[in-house]
Amino acid sequence: MLFPKTLDYYQIQLTVMLESERYGEAAELLRFLLQCQGQEERHYEEWQSLLEWLEAAFPYALEDKYNNDSPAYEEDIGEQEMARQLAKTKLQEDPEYASKLLHRVMHEPLSEATLLALEQLSHFEGDEVDYALTEWVQNPGIHPILQFRTLQTLRRRGVQGAVELKRGPQSIVVDIDNIPLQKEDFPSQIVQVLERVAEHTETHEPTLYYFAQELWEQFIMSIYGSEAYHAILTGEDGILDLWAGALHQRVSETLNGTRNEEETRAMYGITESMRFQFEQAYRMLNGFTGKPQ
């Protein structure tokens with residue numbers, strides 16, 4: 001049996017493992033989760049689908065994740081090439097497979113299965129997928145994280161040029177060529193916000209820092225290209241401090257159920273003149289986590 005917060009923790013762990021290409025560890029975690037009882041059926045279906053894909057796409061990585069002498073290390077097979085070959089095989093077995101993946105991305109709620117479909121679409125050849133995703137991603141009402149992940153897929157597919165995105169009443173233009181594919185690809189200012197949180201939490205509150213990392217990554221994806229995103233990129237210390245403080249405050253509330261705003265502002269040197277901007281940043285984070293004020 002998994003408690004809700006424990007399940008959330010494992011889901012985050014799984015995402016981190018996949019993004020850092022620790023496929024063997026991800027498969028082990030999936031097998032563990034499939035043995036746990038009391039979860040919704042959709043979770044088991046998603047975990048099983050993801051495990052089957054990992055076993056098919058990265059057999060060497062799953063064979064022995066600790067053995068550096070395994071074929072995965074001896075030969076530069078290339079996991080991306082293996083994934084492309086898997087996509088090609090799937091398409092040969094089912095000519096409508098790419099269309100089914102597109103339907104999942106465009107018409108089903110955001111989930112691990114949706115993101116998996118996008119990952120698979122990265123490896124299909126042909127302009128049809130490019131046209132379909134490029135047109136669709138510019139529609140209003142798309143979940144901002146799904147929108148960002150779709151842009152990553154387009155960049156991996158080699159699509160170039162700018163697209164106009166709808167974010168509520170705001171329209172923003174982003175270049176597909178510049179979409180970050182890894183955490184390390186984001187501008188240094190994004191990392192500096194987390195570094196400020198780390199200074200106050202990494203040693204004494206490692207759980208808070210861990211969840212701050214995950215929330216910040218997801219939040220940045222959701223505001224990519226917006227006015228708020230570009231404000232962070234100015235790199236001004238006051239801006240970075242107030243975002244670090246707001247992030248700390250939001251995660252602390254989630255974990256501890258308490259709100260000590262004055263203490264947090266003092267910790268990050270957020271003056272009274274910056275209070276309004278701090279509260280704006282806090283409300284944006286609160287809205288993103290589903291608790292608008």
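User: In this predicted model, at what angle do the axes of α10 and α12 cross?

Analyst: Two packed helices are described by the angle between their axes and the distance between the axes. In this predicted model, the axes of α10 and α12 come within 7 Å. Angles of 65 to 115 degrees count as roughly perpendicular, and α10 is therefore roughly perpendicular to α12. The crossing angle is roughly 80°.

User: Which residues of α12 meet α10?

Analyst: On the α10 side, the residues involved are P144, I145, F148 and R149. Of these, I145, F148 and R149 are listed among the buried residues of α10. Their partners in α12 are Q218, M221 and S222.

User: How far apart are the end C-alpha atoms of α10, and why does that agree with the expected span?

Analyst: Helix α10 runs over residues 144-156, which is 13 residues. At 1.5 Å a residue, the helix should therefore span 18 Å. The value in the model agrees, with the end C-alpha atoms 18 Å apart.

User: How many of the 13 residues of α10 are buried?

Analyst: A residue counts as buried when its relative accessible area is under 20%. Those that qualify in α10 include L146, Q147, T150 and L151. The helix is mostly covered, and the number of buried residues is ten.

User: Which residues does S122 contact, leaving aside its neighbours within four places in sequence?

Analyst: S122 lies in the loop between α8 (112-121) and α9 (127-136). Its relative accessible area is 11%; the limit for buried is under 20%, so S122 is buried. Beyond its sequence neighbours, the contacts of S122 are T153, R156 and R157.

User: Which residues have the most contacts inside the largest nonpolar core?

Analyst: This core has 63 residues. Its largest share, eleven residues, comes from helix α12 (residues 206-223). A second, separate core of 18 residues includes Y23, L50, L54 and F58. Inside the largest core, the residues with the most contacts are L151, W216, I232, W243 and L247.

User: Which residues does I232 contact, leaving aside its neighbours within four places in sequence?

Analyst: I232 is among the residues with the most contacts inside the largest nonpolar core. Two others in that group, W216 and W243, also appear in the contact list of I232. The full list is Q189, I190, V193, W216, I220, I223, I239, L240 and W243.

User: Which residues of strand β1 point to the buried face?

Analyst: In a regular strand the side chains alternate between the two faces of the sheet. Along β1 (residues 162-167), A162, E164 and K166 point to one face and are not buried. The residues on the other face, which are buried, are V163, L165 and R167.

User: Which residue takes a positive phi in the hairpin of β1 and β2?

Analyst: Strands β1 and β2 (residues 170-175) pair in the antiparallel sense over six bridges, and K166 stands opposite S171 in β2. The hairpin has two residues between the strands. The residue with a positive phi, near 65°, is G168.

User: What distance separates the C-alpha atoms of E253 and L208?

Analyst: E253 is found in helix α14 (residues 237-256) and is buried, with a relative accessible area of 17%. Leaving aside neighbours within four places in sequence, E253 is in contact with T258, R259 and Y282. E253 and L208 are 45 residues apart along the chain, and their C-alpha atoms are separated by 9.9 Å.

Terms used:
Residues numbered from 1 in each chain as written. Predicted model: local features only at pLDDT ≥ 70, side-chain atom pairs only at ≥ 80, totals over all residues. Heavy atoms only, no water. Helix = DSSP H or I, 4+ residues; strand = E, 2+ residues; numbered from the N terminus. Expected span 1.5 Å × (residues − 1). Buried < 20%, exposed > 50% of the residue type's maximum accessible area, 1.4 Å probe, protein only. Contact = heavy atoms within 4.5 Å. Pairing = 2+ DSSP bridges. Core = buried A, V, L, I, M, F, W, Y, C linked by side-chain atoms within 4.5 Å. Axes fitted to C-alpha atoms, helices over the stretch in contact; angles between N-to-C directions. Parallel < 35°, antiparallel > 145°, perpendicular 65-115°, else oblique.
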